[in-house]
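Let's take a walk through this structure together, one stop at a time. Keep the 3D view open and follow along.

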Amino acid sequence: MASPPAPELKLTPDDVRLITLHAQGLIGTQARRGGVTAMLRRLGGVQLDTISVLARSHELVAYARLGAIPRSSIERAYWHPRTAGAFEYWSHAACVLPVEEWPYYSFRRRAFRLKGKRWHQSHEAVCAEVLAKLRSEGPLNATQLGGAKNGGVWWDWSDTKIAVEWLLDTGEVICARRTGWRRIYDLPERVLPADLLNADLSDADCLIHLTAVTARALGVVTKADLSDYQRLTNFGSGRNPAGLSADDAAVAAGLIPVAIENRTGPAAAAWADPRAVAALTAADARPALAGRHRVSLLSPFDSLIWDRKRTKRVFGFDHSLEAYVPRRKRVHGYFTMPLLAGGKLVGRVDPARDGQTLIARQLTLDTPRAAEPMARALQSAAQWVGCTNVRLERVEPAGLESRLRSALAATEGGPAI
């Protein structure tokens with residue numbers, strides 16, 4: 001396609017922000033229906049990460065949208081012990097994905113096979129041994145398969161670990177369950193229903209479907225958004241095995257071309273999910289889009305903010321994960337969690353735990369009005385993870401510390417220490 005079709009609708013930046021929050025399940029009560037399973041389908045995927053401060057990121061994503069549901073219920077929804085409702089694979093990053101999405105990642109499995117390796121070179125003999133052991137002994141973790149490490153640094157994988165992860169990449173092995181944060185590897189034919197296992201989709205089929213998933217999850221998307229959400233290589237240009245550009249896929253997925261107003265320049269071309277447009281243009285749309293907003297701390301790996309450029313564009317908020325930045329170079333802290341309140345990002349905190357105390361090691365308020373919602377978010381998060389106190393360390397601006405302490409004292413749970 002030489003150029004995208006003319007826009008059918010012009011959206012303001014506020015329209016885009018509200019549509020995004022609604023699509024992400026962060027406005028209104030309707031988004032809570034169906035619990036974690038429905039939330040996972042809405043988002044298309046939830047990123048996984050090994051870091052655990054208050055809780056692991058996949059738990060925090062559910063907490064931000066669904067409230068203080070038991071962490072065990074979140075785990076069970078992702079990794080049901082009997083019937084697989086999700087599986088793990090590469091999407092935006094390592095993600096847990098709805099099980100019905102399995103066929104639509106066949107394009108990526110084929111790409112891995114064509115490349116022949118990921119980071120390590122796997123050995124055919126070891127892969128065959130892993131598959132034989134899974135066939136004969138059933139689902140196993142890496143230790144049960146023969147060990148995950150060679151004894152060196154954490155990335156020094158054993159040949160067995162290299163083999164099973166490669167088999168996961170190529171789809172000969174699946175992970176649909178974890179126990180104690182350990183992946184349980186199994187054979188797809190023992191986990192997936194026949195219609196998912198036997199689906200034969202082209203690369204184009206996959207890219208068109210994932211375009212629709214991304215638009216549903218974000219509401220309004222630019223070409224860059226369509227590439228980033230699922231990390232689709234060469235999607236903007238169309239130089240991929242399917243020969244399909246983001247605009248081609250958007251048309252095929254039934255998205256609506258829109259223009260996003262820009263106060264300082266020309267309008268930006270974008271695409272919108274038809275349901276988002278229908279909600280926006282309905283007679284009662286504004287009350288629905290302006291429904292009750294969540295007040296919550298967000299994981300830095302939350303899909304609302306995992307694209308830093310989009311976060312700046314939509315929310316005017318600079319955010320980056322500093323966990324892998326040397327301590328002396330960090331600006332806001334190790335695991336900085338943005339504060340969502342009133343449909344905007346208005347502050348951030350680097351939390352930690354010490355026994356039953358939630359510690360706000362470094363906390364920034366972008367406006368004095370953010371003190372009360374920050375207090376509510378801290379107390380709520382503390383109670384969810386079993387803490388009885390909140391301790392403030394460094395607050396910026398320092399002049400707002402007394403206001404924040406007063407707000408903490410006024411919330412259920414008592415004063416900060």
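Start with Glu124, which you'll find in helix α6 (residues 124-137). A word on naming: helices (H or I, at least four residues) and strands (E, at least two) are DSSP runs, numbered from the N terminus. Is Glu124 buried or exposed? Its relative accessibility is 73%, so Glu124 counts as exposed. For these labels, buried means under 20% relative accessible area, exposed means over 50%, and partly exposed is in between (1.4 Å probe, protein chains only). Now look across to Ala246: the C-alpha atoms of Glu124 and Ala246 are separated by 36 Å, and the two residues are 122 apart along the chain.

Before going further, a note on what you're looking at: this is a predicted model, in which local features need pLDDT of at least 70, side-chain atom pairs count only at pLDDT 80 or more, and totals for chains, interfaces and linings use all residues. Residues are numbered from 1 along each chain as its sequence is written, and side-chain values use heavy atoms, with hydrogens and water left out.

Now zoom out to the whole chain. Its secondary structure comes to 18 helices and 14 strands. The radius of gyration is 22 Å, close to the 22 Å that the globule rule gives for 417 residues, so the chain is as compact as a globular protein of that length. (The radius is taken over C-alpha atoms, and the globule rule is 2.2 Å times the number of residues to the power 0.38.) Taken along the principal axes, the C-alpha atoms fill a box of roughly 65 × 55 × 40 Å. Of the 417 residues, 53% count as buried. If you look at contacts (heavy atoms within 4.5 Å) between residues at least 6 apart in sequence, 63% of them join residues at least 24 apart.

What about the outside? The chain exposes about 18600 Å², and carbon and sulfur atoms supply 52% of that. Accessible areas here come from the Shrake-Rupley method with a 1.4 Å probe; for residues, only the protein chains shown count as cover.

Next, the sheets. Two strands pair if DSSP finds at least two bridges between them. One open sheet has three strands in the order β2-β4-β3, with antiparallel pairing. Its edge strands are β2 (46-47) and β3 (86-90), each of which pairs on one side only. Strand β2 runs antiparallel to β4 (residues 94-98), and two bridges join them. One residue to pick out here is Val46, whose bridge partner in β4 is Val96.

A second open sheet has five strands in the order β10-β11-β12-β13-β14, and here the pairing is mixed. The edges are β10 (296-297) and β14, each pairing on one side only. Strand β13 (residues 357-365) pairs with β14 in the parallel sense over seven bridges, and Leu358 stands opposite Val390 in β14.

Stay around β14 for a moment. Leading into it is the loop between α17 (371-384) and β14 (389-396), and that's the place of Val385. Val385 counts as buried, because its relative accessibility is 8%. Leaving aside residues up to four places away in sequence, Val385 touches Leu54, Arg71 and Arg353. Its C-alpha atom is separated by 9.9 Å from that of Thr357, 28 residues apart along the chain. On the other side of β14, the loop between β14 and α18 (401-410) holds Pro397. A cis peptide bond joins Glu396 and Pro397, with omega at about -10°.

That brings us to backbone angles. Most residues other than glycine have a negative phi, and most peptide bonds are trans. So where should you look for positive phi values? Try the hairpin of β5 and β6, which has two residues between the strands; there Gly180 takes a positive phi near 60°. Trp181 lies in the loop between β5 and β6, and its phi is near 70°, a positive value in a residue other than glycine. Five bridges join β5 (residues 174-179) to β6, and these strands run antiparallel. Cys175 stands opposite Tyr185 in β6. Strand β6 (residues 182-186) is largely enclosed by the rest of the structure, because four of its five residues are buried.

Last stop: Arg231, in the loop between α12 (223-229) and α13 (246-252). Its phi is near 50°, again positive in a residue other than glycine. Arg231 is partly exposed, with a relative accessible area of 41%.
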